[in-house]
Amino acid sequence: MKKLVLLWAVALTLLGLSAAPAQGADALPASVTFELDKADLSDEALKAIGAGAEQAKAAAGSRILVSGFTDTSGSAAHNDELAKKRAFAVRDALIKAGLPEAQILLIKPSERMKDGDPAKARHVEIALLAAGAAAPAADMLLVAEAPKAEEAPAAPKIEKADTAFMYVATIMVILMTIPGLALFYGGLVRSKNMLSVLMQVFVIFALISVLWVIYGYTLAFGGPGAVFGNFSKLFLSGVNAESAAATFSKGVYIPELLFVAFQCTFAAITCALIVGAYAERMKFSAVLLFTVIWFTFSYLPMAHMVWYWDGPDAIKDQATLDAVLANAGWLWAKGALDFAGGTVVHINAGVAGLVAAYVLGKRIGYGKESMAPHSLTLTMVGAALLWVGWFGFNAGSNLEANGVAAFAFLNTLLATAVAVLAWMFAEWMVKGKPSMLGAASGAVAGLVAITPACGFVGVIGALVIGVAAGLLCFWGVTGLKKMLNADDALDVFGVHGVGGIVGALLTGVFAAPSLGGAGICNYITNKCGDPADFPGIGAQVFIQFQAVLTAVILSAVVSLVALYVVKMITGLRVTPEEEREGLDTTYHGESAYKM
């Protein structure tokens, strides 16, 4: 009570300006009113405060007194803190208007009775303290706390368990390519071309590994940009043993060098997948040059557009989310969902393979001579290695050993298994017999289709995607292939292109929480899977369609240009004599088998 009486006496002295007016000063605004539970100043209040500042500057030796109020209803601590924020807001506005901070006195907030006018508790009163007038007692002043020095952000903590998990995942993806993909493709070609396919896959893996470290990583993940990153990490500049890469959980990191290696394996296998389309007829020099151009201008921008962002720790509120969206890849910012590479890897490679098949033309004897696989045994071994390695591909894309990785793991198992059955029964019905080649192809189709969806969909979604992949990819290598009239030697487009499109689009459907999907993560509320954050099935499918269309157009254009550039420089196709004899001996001086 004593404090209230004293404050009122001071206010009467100050507001009764005629008793001791400052020279040349007019009456100041008696109060500034704030909105309920807010400490933001309106434009009108800012103008009034600015006018008050001008009056104080014009009155020599005068000061401005700022006194706030707090309501007694609700949380006392909250109300008191809010009143202080309002007083500080007025003070800051006065300083911004040009009044020195030393010329401003803040009075501690006084209470308003809860049964009074609630609006009055939202007032901050302003008065002019004339030159020579006594200042309020020190215990009545509200001294603004000096801002705490910003602590240096703690170094990201590397999680050892997640790091060990990612070492295993990276090794498994390498296993997918060499020897998995190499054996899968090698068994599908004729024996005279077995080593050429093994050589192409093996050397492409080595070539891309080198290019990835030189400039691939920095253009894909080196920094902000809609389509490409930048050259800040050229030759892995600045990336060392202490560098950390963000995961999908706040505060969880893995070594950036390990992330570099993991993403390198994705780039390598994507380029190697295209080998199946131009197998048995493309010059080895042309293969290498085409790979370099396509990797640079098709793979890298797709990887950046779909997967680059600043990481979850960069998001704290709407403003920081907007900044992350501005820095992110174009498709990531749109909200495209691609857990492990449906667009970046499979559609991208599948379309490139189809374009290569058209530009190169058909193999000699295609449609007239038997071009049956020379070793389905090796193809089955390759398919099995792909299936096993794909767990590292999909589960590893979560970057953390947690429940989401387990979901990706299980979905990869289920979708692949049901795709094998779907393809096998479809072939059985159409051709009268189920084949080992069909079962192996069904497995790859299921693996491809579940790739973009594995961490986003539930078990039902995985099963539906597996069935759709098995049936539609079977049609892709039979009916669609005839319609396209292209000699896609090992059905890269029919399996990877079609399967990737099916998986990418169905991700938009089955990621919905209403269908058992994981939804999306909101890093402002730090909640994942809230139905309110999911844009809706129709909206998400449309976003997915945009990602698919981007991959198709980009890969088609880059592939077409790259092939014609290579044709002018080295030529594309081997001679008819070399093709008839086989590329093992004519290009590599070896043969896979000694009879």
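Begin by selecting leucine 399, which you will find in the loop between α12 (376-395) and α13. As you look at this residue, keep in mind that the whole model is predicted. The phi angle of leucine 399 is near 65°, a positive value in a residue other than glycine. Leucine 399 has a relative accessibility of 4%, and because buried means under 20%, this residue counts as buried.

Next, zoom out until the whole protein is in view. You should be able to pick out 20 helices and 8 strands, and of the 595 residues of the protein, 51% count as buried. If you display contacts with a separation of 6 or more, 79% of them are accounted for by residues that stand 24 or more positions apart. When you switch on the surface, the protein exposes about 25900 Å², of which carbon and sulfur atoms supply 66%.

Now select aspartate 491, which sits in the loop between α16 and α17. Aspartate 491 is not a glycine, and yet its phi is positive, at about 60°. Is aspartate 491 buried or exposed? With a relative accessibility of 19%, aspartate 491 counts as buried, since the limit for that word is under 20%.

Stay with aspartate 491 and add its surroundings, for this residue belongs to the lining of the largest cavity, together with Leu354, Gly476, Lys481, Leu484, Ala486, Asp488, Phe493 and Gly494. The volume of this largest cavity is about 60 Å³, and the protein has 2 cavities of 30 Å³ or more. Colour the helices, and you will see that α16 (479-484) and α17 (492-510) each supply at least two residues of the lining of the largest cavity. If you then colour that lining by class, it divides into 4 nonpolar, 2 polar and 3 charged residues.

From here, move on to the second largest pocket, which holds about 810 Å³ of space. Its lining is made of 31 residues, and the closest to the centre of the pocket are Leu437, Val477, Lys481, Ala489 and Asp491. Which helices each supply at least two residues of the lining of the second largest pocket? They are α4 (160-188), α13 (403-431), α14 (436-450), α16 and α17, and the largest share, 4 residues, comes from α14. Coloured by class, the lining of this pocket shows 17 nonpolar, 7 polar and 7 charged residues.

Follow helix α4 next and select proline 179, which has its place in that helix. Display the backbone here, and look at the bond between isoleucine 178 and proline 179, which is a cis peptide bond with an omega of about 15°.

For the last stop, select the cysteines. The protein has 1 disulfide, and this disulfide is formed by cysteine 521 and cysteine 528, whose sulfur atoms lie 1.9 Å apart. Turn the view to look along the link between cysteine 521 and cysteine 528, which is right-handed, with 105° about the S-S bond. Cysteine 521 is partly exposed, with a relative accessible area of 36%, whereas cysteine 528 counts as exposed, at 52% relative accessibility. To finish, select two further cysteines: cysteine 271 counts as buried at 2% relative accessibility, and cysteine 454 is also buried, with a relative accessible area of 0%.

Notes
Residues numbered from 1 in each chain as written. Predicted model: local features only at pLDDT ≥ 70, side-chain atom pairs only at ≥ 80, totals over all residues. Heavy atoms only, no water. 1 Å grid on protein atoms, 1.4 Å probe; cavity = no way out; pocket = protein on both sides within 12 Å on 5 of 7 lines; lining within 4 Å. Points joined across faces, edges and corners; volume = space filled by probe spheres on them. Nonpolar A, V, L, I, M, F, W, Y, C, P; charged D, E, K, R; others polar. Disulfide = S-S within 2.5 Å. Buried < 20%, exposed > 50% of the residue type's maximum accessible area, 1.4 Å probe, protein only. Contact = heavy atoms within 4.5 Å. Areas by Shrake-Rupley, 256 points an atom, 1.4 Å probe, with all protein chains shown as cover.
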